[in-house]
Amino acid sequence: MTRARRGDCSPTLSRHFTRPIPRTLGLVIVLVLVLAAIITVGFAKRRTLAPRLAALVVERPAPVAPPPLDRGVEWSGEWYTVQHLDEVTIAIGEPRSEGRNVSYLLLGSSRAVLFDAGEGWADLSPVVHDLTDLPVIVIPSHLHYDHLGSIENFSAIALPDLPALRAQARGGVLVPTFDQFLGVVVNRQPPALHVAEWWKPGDPVDLGGREVVVRHTPGHTPESISLWDPARRWLFSGDYITPRPLFAFLPGSSIGEYRSTARTLMAVLPGDAVFWGAHDELDDTLAPQLTISDLHDLARVLEAIGRGEAEVSGFFPRVYPVNDQLEIWADIGDR
Ligand SMILES: [Zn+2]
């Protein structure tokens with residue numbers, strides 16, 4: 001074995017380090033580093049970047065032609081449809097929009113509550129005032145733009161009495177944040193919500209001969225609520241459970257909260273409870289209806305996601321099939 005002589009390596013090494021890096025190679029290295037930084041930050045901020053990107057690259061879908069309506073569903077103007085679920089409960093649909101939102105009007109004998117305020121393509125207030133002379137208070141299922149469309153056209157607004165929303169309101173006015181509203185998708189600014197009433201989750205609200213109870217159902221967003229009608233065993237469930245992809249990949253969404261809400265609902269709801277969702281199915285114009293067995297299916301998949309055992313496809317969002325009406329769209333690594 002030949003012993004390396006002192007000084008054999010150092011001149012070679014120092015030549016390597018003192019030789020100037022060629023200009024082109026330098027530019028390539030800088031570009032690669034910048035690109036890597038963009039990818040790293042972009043990946044870390046994917047939830048809030050996704051809506052901004054969608055706003056840039058996805059064209060706002062135009063309204064479709066009025067579809068033929070199912071039995072029991074009627075037009076109210078050119079945009080909204082009306083379906084009586086019973087004499088005092090009315091589903092107001094928007095079958096011409098991509099989101100196919102459904103808001104619900106619940107009548108008591110002294111006042112009415114409107115759950116969600118439409119997607120915002122047309123004013124919802126004349127439709128509601130055609131249906132009732134009662135004073136109407138509107139409470140949104142959550143603060144995404146497509147549930148607050150006409151909210152400023154109603155004189156009374158209620159919000160769920162949640163500590164985070166209370167802290168956010170200034171002088172009784174709450175302006176949803178970018179992440180809460182996501183109006184960037186349709187180039188819309190968040191409204192200023194003048195809160196007339198704060199409804200505490202669990203406390204019954206009297207509409208005159210009819211009670212409703214706010215249930216806090218986070219998962220889709222932290223402030224998401226459902227409205228429980230104990231006499232009918234109906235849960236107006238907003239975006240928490242509705243026959244369409246359940247969006248759990250948005251800013252503020254959480255699979256963990258989705259799962260704990262499912263556990264709570266299974267513990268407190270009767271076996272014959274019915275869910276009325278906030279977005280319609282694609283192949284009919286009836287108000288979207290689900291049952292406890294759909295909640296069981298959802299809970300089963302949410303538990304499997306927690307154990308890392310759920311069937312999944314896609315990269316972002318990750319798509320978890322639930323049953324023929326439901327699938328969960330989740331963030332990467334969110335369990
Ligand atoms: Zn939503």
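**Figure 1. Helix α8 has the length expected of its residues.** In this predicted model, helix α8 contains 16 residues, and at 1.5 Å a residue they should span 22 Å. The C-alpha atoms at its two ends are 23 Å apart, which agrees with that expectation. Just after α8 comes Gly308, with a positive phi near 75°.

**Figure 2. Helix α8 has a buried side and another side with exposed residues.** Which residues of α8 are buried? They are Asp294, Leu295, Asp297, Leu298, Val301, Leu302 and Ile305. These residues lie on the same side of α8, because they cover an arc of only 160° around the axis. Turn to the other side of α8 and you meet Ser293 and Arg307, which are exposed. What covers the buried residues of α8? The cover includes helix α7 (255–268) together with the strands β16 (289–291), β17 and β18 (327–330).

**Figure 3. Ala304 is a residue of helix α8.** Is Ala304 buried, exposed or partly exposed? Ala304 counts as partly exposed, because it has 15 C-beta neighbours inside 10 Å. Leaving aside neighbours within four places in sequence, Ala304 is in contact with Glu309 and Ala310. Look also for Arg335: it is 31 residues from Ala304 in sequence, while their C-alpha atoms are 9.1 Å apart in space.

**Figure 4. A cis peptide bond joins Phe316 to Pro317.** Here omega is near 0°. As background, most peptide bonds are trans. Where is Pro317 found? Pro317 belongs to the loop between α8 (292–307) and β17 (318–321).

**Figure 5. Strands β1, β2 and β3 are linked by two hairpins.** Let us follow the chain from β1. Strand β1 (residues 73–76) and strand β2 (residues 80–86) run antiparallel and are joined by four bridges. One bridge partner to look for is Tyr80 in β2, which pairs with Ser76. Three residues separate the two strands of this hairpin, and Gly77 in the turn has a positive phi of about 80°. Strand β2 then passes through two residues into β3, forming another hairpin. β2 and β3 (residues 89–93) also run antiparallel, with five bridges between them. In this pair, Asp86 stands opposite Thr89 of β3.

**Figure 6. Leu105 is a buried residue of strand β4.** Strand β4 covers residues 102–107. Why does Leu105 count as buried? Leu105 has 25 other C-beta atoms within 10 Å, and a residue is buried if that number is 20 or more. Not counting residues up to four places away in sequence, Leu105 touches Ile90, Ile92, Ala112, Leu114, Val128, Leu131 and Thr132. Val88 is another residue to find in this view: it is 17 residues from Leu105 in sequence, and the C-alpha atoms of the two are 8.1 Å apart.

**Figure 7. Asp116 and Asn187 both have a positive phi without being glycines.** Most residues other than glycine have a negative phi. For Asp116, phi is about 80°, and the residue sits in the loop between β5 (112–115) and α4 (125–131). For Asn187, phi is about 60°, and its place is the loop between α6 (178–181) and β9 (193–199). Which of the two is buried, and which is exposed? Asp116 is buried, with 29 other C-beta atoms within 10 Å, whereas Asn187 counts as exposed because it has 9 C-beta neighbours inside 10 Å.

**Figure 8. The domain assignment divides the chain into domain 1 and domain 2.** Domain 1 covers residues 23–57 and domain 2 covers residues 73–330. Their C-alpha centres lie 35 Å apart. Eight helices and 18 strands are found in the chain. Its C-alpha atoms fill a box of roughly 100 × 45 × 40 Å along the principal axes. The radius of gyration is 26 Å, while a compact globule of 335 residues would have one near 20 Å. Of the 335 residues, 39% are buried. Among contacts with a separation of 6 or more, 61% are between residues 24 or more positions apart.

Technical notes: Residues are numbered from 1 along each chain as its sequence is written. This is a predicted model: local features need pLDDT of at least 70, side-chain atom pairs count only at pLDDT 80 or more; totals for chains, interfaces and linings use all residues. A residue is buried if 20 or more other C-beta atoms lie within 10 Å of its own, exposed if 12 or fewer, and partly exposed in between; C-beta atoms are placed from the backbone. Domain bounds come from an automatic or database domain assignment. The radius of gyration is taken over C-alpha atoms; the globule rule is 2.2 Å times the number of residues to the power 0.38. Two residues are in contact if their C-beta atoms, placed from the backbone, lie within 7 Å. The expected span of a helix is 1.5 Å times one less than its number of residues. The arc is that of the directions from the helix axis to the C-beta atoms. Two strands pair if DSSP finds at least two bridges between them.
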